[in-house]
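Visitor: I've got a model open on my screen and I'd like a close look at just one part of it. Please set the scene first, then take me through that part slowly.

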Amino acid sequence: KTIHETQASFTEVVDFKKLYSLALFTQMNEYTLSCVADTCDIVKNRHKSAESELSRRIVRYIRENFRSCDMTLTFLADYFNVSSIYVSKSVKKVSDINFIDYLHRLRIDEAKRLLRETEQSIREIGAQMGYDSDKNFIRVFKKYEGITPGQYRKALGYAKEGRYKIIYVAPERLVTEGFLDF
């Protein structure tokens, strides 16, 4: 039944020539037990493969839809018909960071691009990134970058004028201090 349910063929698991060549019942019993163990390995490997594929699908969905204000663990769990804990572990397994950090990092990286390349207001950019208020967007931006979106855009403006803000780069954060004129 298990072989049938996993869509494995009997020949993947049982070598019938070997089974028929065994003379003693104990040998047949040992071989049958090894076939059962092989079947369990097949089931486990196929289950892991299916889990990995689902994990990749979840992370791909987040990457494609991170701008949605509905992007929550609960929403994803309902969408993929799994538990919130499963979604959280899947994101961690694929990205090496937790769900909320992964989501915010995607949003902040895109917001930085928009701050550099457009004249949109900070409020508009925050709304496009799925934040329910500009205050929440600014708070999260500052948490991840060390400066507010306005300060980030202002520092970019100084760079365009030939004045460069001295920037200390720490892992995943920017801390700004002073100016240099050239």
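Visitor: How many helices and strands does the secondary structure of the protein chain come to? Then please zoom in on helix α9: which of its residues are buried, and which are exposed?

Guide: Before we zoom in, this is a predicted model, so local features need pLDDT of at least 70 and side-chain atom pairs count only at pLDDT 80 or more, while totals for chains, interfaces and linings use all residues. Residues are numbered from 1 along each chain as its sequence is written, and side-chain values use heavy atoms, with hydrogens and water left out.

The protein chain has ten helices and two strands; these are DSSP runs numbered from the N terminus, H or I of at least four residues for a helix and E of at least two for a strand. Going along from the N terminus, the order is α-α-α-α-α-α-α-α-α-α-β-β. Of the 182 residues in the chain, 32% count as buried (under 20% relative accessible area; exposed is over 50%, partly exposed in between, with a 1.4 Å probe and protein chains only).

Now for α9. This helix covers residues 134–145, twelve in total, and reaches 16 Å from its first C-alpha to its last. That is close to the 16 Å expected, the expected span being 1.5 Å times one less than the number of residues. Its buried residues are F137, V140, F141, Y144 and E145. Looking down the axis of α9, these buried residues fall within an arc of 110 degrees, so they line one face of the helix (the arc is that of the directions from the helix axis to the C-beta atoms). Turn to the other side of α9 and you find K135, R139 and K143, which are exposed. Just past the helix, G146 takes a positive phi of about 85 degrees.

One residue on that buried face, F141, has an aromatic partner, but a word on rings comes first. Phe, Tyr and Trp rings (for Trp, the six-membered one) pair if their centres lie within 6.5 Å; planes under 30 degrees apart are stacked, over 60 edge-to-face, and the rest tilted. Eight aromatic pairs turn up by this rule. Y79 and F80 make one of them, edge-to-face, at 5.0 Å centre to centre with 75 degrees between the planes. F80 is buried at 10% relative accessible area, whereas Y79, at 48%, is partly exposed. Back at α9, the ring centres of F141 and Y152 are 5.8 Å apart and the planes stand at 70 degrees, so this pair is edge-to-face too. F141 belongs to α9 and Y152 to helix α10 (residues 149–160), so the pair ties together parts that are eleven residues apart in sequence. Both F141 and Y152 are buried.

Two more ring features are worth finding on your screen. Y61, F75, Y79 and F80 form one aromatic cluster. Elsewhere, R107 puts its charged end over the ring of Y131, 5.0 Å from the centre; the rule asks for NZ of Lys or CZ of Arg within 6 Å of the ring centre and within 35 degrees of the ring normal.

To set α9 beside another helix, try α7: residues 99–117, 19 of them, reaching 27 Å from first C-alpha to last, close to the 27 Å expected.
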